[in-house]
Amino acid sequence: MNNKIWLSSPHMSGKEMKYVKEAFDTNWVAPLGPNVNEFENNLQTYLGENNYVAALNSGTAAIHLGLLLAGVTQGDEVLCQSFTFSASANPIVYLGATPVFIDSEPETWNMCPKFLEAAIIDRLEKGKKPKAIVVVDSYGMPAKWEQLLAIAKKYNLFLMEDAASALGSTYKNQKCGTMGAIGVLSFNGNKIITTSGGGALVAKTKEIKDKAIFFATQSRDNAPHYQHSEIGYNYRMSNIVAGIGRGQMEVLDDHIALRRAMHDFYKSYFKDIKGVTVFTEPNTDYFSNHWLTAVLVNPKQTGGKTREDLRLALDAANIESRPLWKPMHLQPVFANDPYYGGTLSESLFQNGLCLPSGSNLDNSHRTRIKLALDNFF
Ligand SMILES: *Cc1c(COP(=O)(O)O)cnc(C)c1O
């Protein structure tokens with residue numbers, strides 16, 4: 001049997017080992033050290049001026065600390081995109097708050113500005129001002145930032161950007177991760193760059209970055225002994241892991257170009273296939289890193305073939321694919337939480353499939369994928 005073609009697997013460049021070895025050679029194996037500082041500097045330079053990055057051990061940790069910094073606490077409500085990975089919503093519950101889920105709109109598949117405003121107005125009428133908004137750039141696609149930020153400003157609400165999968169994407173030339181009051185990045189194994197596992201919080205001031213690091217290192221007060229006035233967390237990135245990140249930063253733009261080339265491959269393949277549409281940027285304001293390329297399959301136009309048929313056909317050829325996010329408001333664990341929207345995110349889940357998109361896929365992989373698709377259609 002052929003080797004499995006994965007949806008998105010780690011792609012090491014060979015530049016990572018130098019920094020990891022440095023950490024070993026200097027015995028900076030313990031947490032913190034020069035790699036952490038340099039990785040943060042690299043990210044800050046990449047994101048541009050007035051962004052302050054705290055490297056953490058996961059994107060989920062960054063979301064948790066971001067909500068904590070927003071002041072979210074027991075009994076609060078947080079407006080959250082429904083069409084996302086569960087890690088966008090779980091930390092709301094860690095803090096004892098309630099997620100209020102919002103549907104997506106069809107152009108970016110991200111939070112719908114109309115449903116967002118309707119939800120805010122309704123929650124205010126019910127006597128409860130939401131504490132924060134969590135917007136996601138799904139699959140690397142920037143959300144409708146102009147409209148979403150205008151709504152957050154109008155109602156004076158804290159907006160956090162979950163850009164876990166959108167490092168390198170831009171909206172009107174502004175980098176994803178820098179849109180809201182706080183941004184979140186992830187370096188999990190399947191993301192555009194990986195540190196094996198890790199994440200970062202992007203702040204707008206050094207004070208907020210320092211406060212995030214304070215929480216991430218067990219909230220230690222300034223004293224020679226261990227002294228604590230606040231509850232802390234063990235969320236900091238290690239110096240070994242940050243070494244991998246430094247090497248990955250050197251190839252980030254190359255990896256984006258390679259993912260975008262995979263996207264072009266699918267676009268040109270599917271332009272002749274009736275009933276399959278490739279998810280792509282609505283106009284030139286949007287630049288997606290195309291972390292994952294996704295398609296919608298309309299069985300009415302494919303002679304009855306569904307996205308699940310396609311998934312199984314690819315699986316039989318040892319090619320991994322995955323249905324789009326099952327929206328949070330349809331997840332058993334969030335079944336009792338409020339939801340504002342229609343059926344868009346539900347229909348994306350019904351009909352959508354993510355296809356192999358890794359930067360390490362080459363012509364031989366594309367040939368195999370093409371053959372499997374030819375056989376199916
Ligand atoms: C990967 C991901 C996360 C979680 O990041 P981890 O580093 O795995 O904790 C959160 N939100 C979205 C949208 C993601 O894709």
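Biologist: How many salt bridges does the count come to in this structure?

Modeller: The count comes to 17 salt bridges. Keep in mind as we talk that this is a predicted model.

Biologist: What makes Lys 144 and Glu 107 a salt bridge?

Modeller: The rule asks for a side-chain nitrogen of Lys or Arg within 4 Å of a carboxyl oxygen of Asp or Glu. In this pair the closest N and O atoms are 2.6 Å apart, so Lys 144 and Glu 107 qualify. Lys 144 belongs to the loop between strand E4 (132-136) and helix H6 (145-154), and Glu 107 to the loop between strand E3 (98-102) and helix H5 (113-125), so the pair ties together parts 37 residues apart in sequence.

Biologist: Why is Lys 144 called buried?

Modeller: Buried means under 20% relative accessible area. Lys 144 has 13%, so the residue counts as buried. Its partner Glu 107 has 40%, which lies between the 20% and 50% limits, so Glu 107 is partly exposed.

Biologist: How do you know that Lys 126 is exposed?

Modeller: Exposed means over 50%, and Lys 126 has a relative accessible area of 55%, so the label fits. Lys 126 also meets Asp 122 in a salt bridge, at 2.7 Å from N to O. Asp 122, at 22%, counts as partly exposed.

Biologist: What makes Lys 211 and Glu 230 a pair that ties together separate parts of the sequence?

Modeller: Their side chains meet in a salt bridge at 3.0 Å, N to O. Lys 211 lies in helix H7 (residues 206-216), while Glu 230 lies in the loop between H7 and helix H8 (239-249), so the pair links parts 19 residues apart in sequence. Lys 211 is partly exposed at 31%, and Glu 230 is partly exposed at 35%. Elsewhere, salt bridges that share partners join Glu 40, Lys 209 and Arg 236 into one network.

Biologist: Now to the ligand. What makes the Thr 60 contact with the ligand a polar one?

Modeller: A polar contact needs a pair of N or O atoms within 3.5 Å. A polar side-chain atom of Thr 60 lies 2.5 Å from an oxygen atom of the ligand, so the pair passes. Lys 191 also offers a polar side-chain atom, 3.1 Å from a ligand oxygen, and Gly 59 has a polar backbone atom 2.7 Å from a ligand oxygen.

Biologist: How much of the ligand does the protein bury?

Modeller: Taken alone the ligand exposes 380 Å², and the protein buries 94% of that. The ligand sits in the largest pocket. There are 15 residues around the ligand, the closest being Gly 59, Thr 60, Asp 162, Ser 186 and Lys 191. Helix H3 (residues 59-69) gives the most to this shell, with three residues.

Biologist: Is His 290 buried or exposed?

Modeller: His 290 has a relative accessible area of 3%, under the 20% limit, so the residue is buried. His 290 is in the loop between strand E11 (286-287) and E12. Its phi is near 45 degrees, a positive value in a residue other than glycine.

Biologist: Why is Ser 196 called exposed?

Modeller: Ser 196 has 55%, and the label needs over 50%, so Ser 196 counts as exposed. Its place is in the loop between strand E8 (182-186) and strand E9 (199-203), and its phi, near 85 degrees, is also positive.

Key
Residues are numbered from 1 along each chain as its sequence is written. This is a predicted model: local features need pLDDT of at least 70, side-chain atom pairs count only at pLDDT 80 or more; totals for chains, interfaces and linings use all residues. Side-chain values use heavy atoms; hydrogens and water are left out. Helices (H or I, at least four residues) and strands (E, at least two) are DSSP runs, numbered from the N terminus. Buried means under 20% relative accessible area, exposed over 50%, partly exposed in between (1.4 Å probe, protein chains only). A residue is near a molecule or strand if one of its heavy atoms lies within 4 Å of it. A polar contact is a pair of N or O atoms within 3.5 Å; within protein, one must be able to donate a hydrogen and the other to accept it, and residues adjacent in sequence count only if both atoms are side-chain atoms. Accessible areas come from the Shrake-Rupley method with a 1.4 Å probe; for residues, only the protein chains shown count as cover. On a 1 Å grid over the protein atoms alone, a cavity is a set of points where a 1.4 Å probe fits but cannot get out, and a pocket is an open set with protein on both sides within 12 Å along at least five of seven lines; lining residues have an atom within 4 Å of a point. A molecule sits in a cavity or pocket if more than half of its atoms lie within 2 Å of its grid points.
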